[in-house]
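Trainee: I would like to learn how to read a protein model feature by feature. Could you walk me through one?

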Amino acid sequence: MRCLDGVDINDQRVGLRLDLNVPIKNGTILDNTRIIASIPTIEYLLERNCKILIISHLGRPKEDTFEQKYSLTPVCNNLSNILAVSYTHLRAHETGRNGVCRLRRGKKRGGGGGGGGGGGG
């Protein structure tokens, strides 16, 4: 397996598949250990001006259905709060079985996080 530091990734688009399947109750993350573990990689990529597409999932959703309890919105908001000064917005898109978070460089908008559970991009 190749390490990121051995690849010229400056100014590249990067798809990052992360295991962000964290315990959530009533929209609140109970343990964000997996999210915290992903921060150094995300910061490494952002320092190299990468555009990052994060792909993950929660639980075991049924195919071709959407249930709010499997929304990645709390995860995206948590990432946005941890990396507050570095991002314009962070949106959660519901895409069937997988969720997608798009990170954009810049200052975070006020109000504790970006985007909801759908649309736009």
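Mentor: Happily. Let us begin with one residue: at a relative accessibility of 45%, D19 counts as partly exposed. Keep in mind that this is a predicted model.

Trainee: Which residue does D19 form a salt bridge with?

Mentor: The general idea is that side chains of opposite charge can pair when their charged atoms come close. Here the partner of D19 is R34, and their closest N and O atoms are 2.9 Å apart. The pair links distant parts of the chain, since D19 sits in the loop between β1 and β2 while R34 belongs to helix α1, 15 residues away. R34 is partly exposed too, because its relative accessibility is 41%.

Trainee: How many salt bridges does the structure hold?

Mentor: It holds two. The other one joins R48 to E47, with the closest N and O atoms 3.4 Å apart. R48 is partly exposed at a relative accessible area of 25%, whereas E47, at 58%, counts as exposed.

Trainee: Let me step back to the fold. What pattern does the chain follow along the sequence?

Mentor: Reading along the sequence, you meet β-β-β-α-β-α-β-β. That makes two helices and six strands. Contacts tell you about the fold as well: among those with a separation of 6 or more, 63% are between residues 24 or more positions apart.

Trainee: How do I read a strand pairing? In which sense do β1 and β4 pair?

Mentor: Look at the direction of the two strands and at the bridges between them. β1 and β4 run in the parallel sense, paired over five bridges. For one example, L16 has I54 in β4 as its bridge partner.

Trainee: Which residues of β4 lie on its covered face, and which on its uncovered one?

Mentor: I52, I54 and S56 make up the covered face, and K51, L53 and I55 the uncovered one. So if you colour β4 by accessibility, that is the split to look for between its two faces.

Trainee: And in β1, is G15 buried or exposed?

Mentor: G15, which lies in strand β1, is exposed, because its relative accessible area of 58% is over the 50% cut-off. You can also compare sequence distance with distance in space: G15 and C50 are 35 residues apart in sequence, and their C-alpha atoms are 10.0 Å apart.

Trainee: Now the interior. Which residues touch the most other members of the largest nonpolar core?

Mentor: That core has 21 residues, and the ones touching the most other members are I42, I52, I54, V75 and L79. β1, α1, β4 and α2 each supply at least two of its residues. The largest share, five residues, comes from α1. To see one member at work, take V75: beyond its neighbours within four places in sequence, V75 is in contact with L20, V22, I24, I29, I35 and L58.

Trainee: How many residues of α2 are buried?

Mentor: Seven of its ten, so α2 is mostly covered. The buried ones are T73, P74, V75, C76, N78, L79 and S80. For the chain as a whole, 33% of the 121 residues count as buried.

Trainee: What about a polar residue inside a helix? Where does the side chain of S38 reach?

Mentor: First, the general idea: an α-helix has 3.6 residues a turn, so residues three or four places apart point the same way. S38 is found in helix α1, and its side chain reaches the backbone oxygen of I35 at 2.6 Å. S38 is buried, because its relative accessible area of 5% is under the 20% cut-off. Setting aside residues up to four places away in sequence, S38 touches L18, L20 and L79.

Trainee: One last feature, the backbone angles. Which phi value does N26 have?

Mentor: Most residues other than glycine have a negative phi. N26 has a positive phi of about 55° although it is not a glycine. N26 is in the loop between β2 and β3, and it is exposed at a relative accessible area of 74%.

Trainee: And what is the phi of N49?

Mentor: N49 has a positive phi of about 60°, again without being a glycine. You will find N49 in the loop between α1 and β4, where it is partly exposed with a relative accessible area of 43%.

How values were computed. Residues are numbered from 1 along each chain as its sequence is written. This is a predicted model: local features need pLDDT of at least 70, side-chain atom pairs count only at pLDDT 80 or more; totals for chains, interfaces and linings use all residues. Side-chain values use heavy atoms; hydrogens and water are left out. Helices (H or I, at least four residues) and strands (E, at least two) are DSSP runs, numbered from the N terminus. Buried means under 20% relative accessible area, exposed over 50%, partly exposed in between (1.4 Å probe, protein chains only). A polar contact is a pair of N or O atoms within 3.5 Å; within protein, one must be able to donate a hydrogen and the other to accept it, and residues adjacent in sequence count only if both atoms are side-chain atoms. Contact means heavy atoms within 4.5 Å. A nonpolar core is a set of buried Ala, Val, Leu, Ile, Met, Phe, Trp, Tyr and Cys residues joined through side-chain atoms within 4.5 Å. Two strands pair if DSSP finds at least two bridges between them. A salt bridge is a side-chain nitrogen of Lys or Arg within 4 Å of a carboxyl oxygen of Asp or Glu.
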